[in-house]
Amino acid sequence: MGKTRVILVDDHPIVRQGLAQLINREPDLTVCGEADTAHAALALLNTVKPDLAIIDVSLEDRSGIELLKDMTLRFPKLPVLLLSMYHESLYAERALHAGARGYIMKQEAPDRVLTAIRTILAGEVYLSEKMGARMLRNLSDRRSGAETSPIERLSDRELEVFRRIGQGFSTSEIAEQLFLSARTVETHREHIKDKLKLPNKGELLRYAVKWSGENR
């Protein structure tokens with residue numbers, strides 16, 4: 001039998017190199033392609049036939065969640081593992097809703113990455129035990145009408161804008177990074193402010209900076 005083919009999508013060359021070395025050491029796995037942007041990833045998928053994709057949540061041209069949604073539409077049978085520097089409580093549930101088969105943080109040990117890969121290839125979903133329990137609690141809270149984290153009220157796009165606000169980017173910079181108009185970004189800002197029940201843009205900025213610092 002041939003080796004299981006994996007593609008890597010991450011805008012950090014060192015991360016891709018480390019993952020490639022880890023995966024290629026396995027006798028039954030091989031990295032068949034790498035991409036550093038969402039655009040390059042979609043082009044790569046049109047030329048190679050991977051059995052699994054590993055993508056980062058944060059890419060320069062688009063968020064990994066948005067890329068995942070595109071990949072799920074175009075390649076519905078391709079299992080995807082999301083890898084991120086951000087805590088799983090922020091993105092894991094969103095990732096599964098968007099079509100991912102697993103989520104793992106970059107801080108995890110290499111053997112956990114291999115476990116995640118093999119779990120997904122076996123047709124299962126991979127989450128840490130802690131995150132699995134958290135998702136069950138969230139589901140129970142929603143059914144009982146209990147209040148969840150205010151951040152969970154944000155859409156995927158709003159969360160991406162909110163994260164970049166907290167990183168200090170201006171409206172025009174966020175618009176350029178996400179390929180949106182400045183007006184669209186301002187609309188997102190207003191929706192975020194309303195959903196988080198913040199009185200003004202100054203409070204939004206302070207909250208975003210504080211949140212960003214706590215969730216690096």
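# Exercises on helix H5, its salt bridge and the cores

In H5, the buried residues are Val-113, Leu-114, Ala-116, Ile-117 and Ile-120. The model you are looking at is predicted, and the exercises below start from this helix.

**Exercise 1.** Find which side of H5 holds the buried residues, and what covers them.

*Solution.* Start with the arc around the axis: the buried residues of H5 span only 155 degrees, so they sit on the same side of the helix. Next, look at what packs over them. The cover includes helix H1 (13-24) and four strands: S2 (29-35), S3 (52-56), S4 (80-84) and S5 (102-105).

**Exercise 2.** Check whether the length of H5 agrees with its residue count.

*Solution.* H5 runs over residues 110-121, which makes 12 residues. At 1.5 Å a residue, the expected span is 16 Å, because the rise is multiplied by one less than the number of residues. The end C-alpha atoms lie 17 Å apart, in agreement with that value. Now step just past the helix: Gly-123 has a positive phi of about 90 degrees.

**Exercise 3.** Locate the salt bridge partner of Arg-118 and work out how exposed each of the two residues is.

*Solution.* The partner is Asp-28, with the closest N and O atoms 2.7 Å apart. This pair joins distant parts of the chain, since Arg-118 belongs to helix H5 while Asp-28 is in the loop between H1 and S2, 90 residues apart. For exposure, recall that partly exposed covers the range between 20% and 50%. Arg-118 has 33% relative accessibility, so it counts as partly exposed. Asp-28, at 32%, therefore counts as partly exposed too.

**Exercise 4.** Which salt bridges does Glu-160 form with Arg-163 and Arg-164, and are the residues buried or exposed?

*Solution.* Take Arg-163 to begin with: its closest N and O atoms to Glu-160 are 2.5 Å apart. These two are 3 residues apart in helix H7 (residues 156-166), so about one helical turn separates them. Then take Arg-164, where the corresponding distance to Glu-160 is 2.8 Å. Here the spacing within H7 is 4 residues, again about one turn of the helix. As for burial, Arg-163 and Glu-160 are both buried, and Arg-164 is buried as well.

**Exercise 5.** Identify the residues with the most contacts inside the largest nonpolar core, and find a second core.

*Solution.* The largest core has 46 residues, and those with the most contacts inside it are Leu-67, Met-71, Leu-82, Tyr-103 and Phe-162. A second, separate core has 19 residues, among them Leu-22, Ile-23, Leu-29 and Ile-104.

Conventions
Residues numbered from 1 in each chain as written. Predicted model: local features only at pLDDT ≥ 70, side-chain atom pairs only at ≥ 80, totals over all residues. Heavy atoms only, no water. Core = buried A, V, L, I, M, F, W, Y, C linked by side-chain atoms within 4.5 Å. Buried < 20%, exposed > 50% of the residue type's maximum accessible area, 1.4 Å probe, protein only. Arc of directions from axis to C-beta. Contact = heavy atoms within 4.5 Å. Salt bridge = Lys/Arg side-chain N within 4 Å of Asp/Glu carboxyl O.
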